[in-house]
Amino acid sequence: MTNIPKEKTLDSSVKLLLEGFPFLQRRFRKFNSDIFETRLLLQKVVCLHGPEGAALFYDNEYFKRNGAVPKRVQKTLTGENALHTMDDAAHRHRKEMFMSVMSQESIKRLLDLMAAQWQAYTLEWETMDRVVLFDEVREIMCRGACAWTGVPLKESEVSKRADDFVARVDAFGAVGPRHWRGRFARIRSEKWIARIIEQVRNGELQVQEGTPAHTVAWHRDLNGELLDQHMAAVELINLIRPIVAIARYITFSALALHQFPVYRQRILAGEENYVEYFVQEVRRYYPFAPFLGARARSDFEWQGYEFEEGQLVLLDVYGTLHDERLWERPTAFSPERFKYWKGSKFDFIPQGGGDYDSGHRCAGEWITIEVMKQAVAFLTEAIEYRVPNQDLHYSLRRMPTYPKSGFVISNVRRTG
Ligand code: HEM
C-alpha cells in the first residue's frame with residue numbers, strides 16, 4: 001500500500017489563486033507523480049493527472065459529482081443543482097435531454113443563425129475605426145444562441161444579456177468584485193429565463209418543438225414531473241451561456257491566426273480538415289477550464305493508493321493538455337498534431353473526458369467545434385483586417401483568461 005505524495009501545507013487555496021492555471025502542473029512535476037494530495041478550501045484533496053487519472057476520474061463506480069461543485073461556482077457559473085451536480089439515473093435522464101438538442105440538424109440550424117449574425121456584424125465593422133473582437137463576438141454568440149434556443153432577445157437588451165453571460169463565466173476563478181458581478185448576473189439571467197419558461201408553458205410564447213426552449217420547458221424528470229420553473233431556467237441557460245463562452249475560444253483563435261500567420265495561409269490553401277486541426281489545437285493550447293472536481297463514493301484502492309469515501313478529487317485539465325508525455329512539444333502551437341491524433345477519450349480533455357451520455361463530458365463540445373470552425377473560416381476567408389499595436393498578453397494567473405485588449409482589429413473589409 002503506497003501513501004499518496006503530500007504537499008506540506010495548511011491550505012493552498014491562496015497559492016491556487018495566485019498561481020492560476022499551472023498550479024497543479026507544477027506540483028505534479030515537483031512530486032514526479034500523476035497523483036498527489038494537498039489541502040484546498042480547508043479540506044484534503046487528491047489531485048489526478050493524465051489519461052489514467054482521467055479514466056479513473058470518469059469511472060462512475062468510484063466517483064460522483066454531488067457535493068463536488070463548490071456553491072460559489074454554482075451561484076455564478078452553472079446555477080444551483082444543475083446537470084453538472086447530478087449522478088446515476090437522474091443524471092443520465094437529464095443528460096439525454098441535453099444531448100437530444102445536439103443532433104447534426106440542430107447544430108446546422110445554429111450555424112445558419114450564426115452565419116446571419118456574422119454577416120450583419122461585419123457590415124457594421126466596416127464602418128468602425130476599431131473593433132474589440134471579444135466584445136463583438138460575445139454579442140454574435142448571444143444573438144445566435146438565443147435565436148437557436150427560441151428565447152426572444154430585444155435589440156435593446158443584447159449587450160446587457162451578453163454581458164451577464166460573460167460575467168457568469170468570468171466569475172468561476174474569482175474572489176471579490178468579479179465573483180459578485182457573476183452572482184448578480186446569475187440572478188438577473190435566471191429571472192429573465194424563468195419568465196420565458198413560464199410564457200412557453202402558458203402559451204404566451206410559441207416555440208417550435210425540438211428547439212431547446214421547448215425541450216427544456218416540457219422535459220419531465222424521472223418522477224414524471226416537469227422541472228420547476230427555476231430549475232428549467234437554470235438548464236436552459238446551461239445551453240445559452242456556454243455558447244456565449246465560445247467567444248473566448250474565438251478570440252484565442254484570432255490571436256493564434258495573428259501570432260502564427262503561417263496557419264492562416266494553410267487554412268486559406270483549403271487543405272482538407274485543416275480548420276478542424278486548427279480549432280482543436282486552439283482548444284488544447286489556450287487555457288480555459290483549469291481542473292474538474294468529483295467525490296469518492298466509498299473507500300477504495302487504486303494503483304496502491306488509498307482513497308477515502310467523500311474525498312474531493314481534482315482532475316488536472318490544463319496540465320494534461322500540456323503534458324510532454326502526451327503531446328510532442330506541448331508549448332508549441334501546432335495544428336498538425338491533430339492529423340495524427342488517435343482520439344483517446346482521456347487525453348484531449350478541454351471540455352472534459354469520457355462519455356457524453358453516461359458521464360459528465362461537455363454536452364456542447366460538438367457545437368463548440370463547429371461554431372469555432374465557422375468563426376475561423378469567417379476570420380480568414382470572409383474579411384480582411386489589421387491588428388494594431390495592443391496588449392495581447394493573457395495572464396495564466398487569471399481564471400478564466402483572455403487577451404487583455406480583447407483583441408482589437410481595424411480597417412475591416414469584406415472580401416466578397
Ligand atoms: C460540461 C467546458 C461549451 C454545455 C462542461 C465541462 C467542461 C466544459 C470542462 C465539465 C465536464 C465534466 O464535468 O466532466 C466547456 C468549454 C466550452 C463549452 C470550455 C466552450 C467555450 C459548451 C456548450 C454547451 C455546453 C456550447 C451547450 C450548448 C455543457 C453542459 C455540461 C458541460 C450541459 C454539463 C455536462 C454534464 O454534467 O453531464 N463543459 N464547455 N458547454 N457543458 Fe460545456
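## Salt bridges

Count up the salt bridges in this predicted model and the total comes to 36. One of them pairs Arg-27 with Glu-7, with N and O 2.7 Å apart. That contact links distant parts of the chain: Arg-27 sits in helix 2 (residues 23–31), while Glu-7 belongs to the segment before helix 1 (13–19), 20 residues away. Arg-27 counts as buried, since its relative accessibility is 8%, and Glu-7 is buried too, at 10%.

Then there's Arg-248 with Asp-170, a salt bridge at 3.1 Å, N to O. Arg-248 is in helix 11 (residues 229–259) and Asp-170 in helix 8 (residues 158–170), so this pair ties together parts 78 residues apart in sequence. Both Arg-248 and Asp-170 are buried. As for networks, shared partners join Glu-7, Glu-19, Arg-26 and Arg-27 into one.

## A pair with some exposure

Arg-297 and Asp-88 also form a salt bridge, their closest N and O atoms being 2.8 Å apart. Because Arg-297 lies in the loop between strand 5 (291–296) and strand 6 (300–302) and Asp-88 in helix 5 (residues 88–100), the pair connects parts 209 residues apart in sequence. Arg-297 is partly exposed at 25% relative accessible area, and Asp-88 is partly exposed at 41%.

## Negative patch

On the surface, Asp-299, Glu-301, Glu-306 and Glu-309 gather into a patch of negative charge. Glu-309 is found in the loop between strand 7 (305–307) and strand 8 (312–316), and its 57% relative accessibility makes it exposed.

## The iron site

The ligand's iron atom has just one protein donor: SG of Cys-362, at 2.3 Å. Look for Cys-362 in the loop between helix 14 (317–321) and helix 15 (365–382).

Notes. Residues numbered from 1 in each chain as written. Predicted model: local features only at pLDDT ≥ 70, side-chain atom pairs only at ≥ 80, totals over all residues. Heavy atoms only, no water. Donors = N, O, S within 2.8 Å, 3.2 Å for Na, K, Ca; no water. Helix = DSSP H or I, 4+ residues; strand = E, 2+ residues; numbered from the N terminus. Patch = residues over 30% accessible without salt bridge, like charges linked within 9 Å, V, L, I, M, F, W, Y side chains within 5 Å. Areas by Shrake-Rupley, 256 points an atom, 1.4 Å probe, with all protein chains shown as cover. Salt bridge = Lys/Arg side-chain N within 4 Å of Asp/Glu carboxyl O. Lys, Arg positive; Asp, Glu negative; His and termini not counted. Charge placed at Lys NZ, Arg CZ, Asp CG, Glu CD. Buried < 20%, exposed > 50% of the residue type's maximum accessible area, 1.4 Å probe, protein only.
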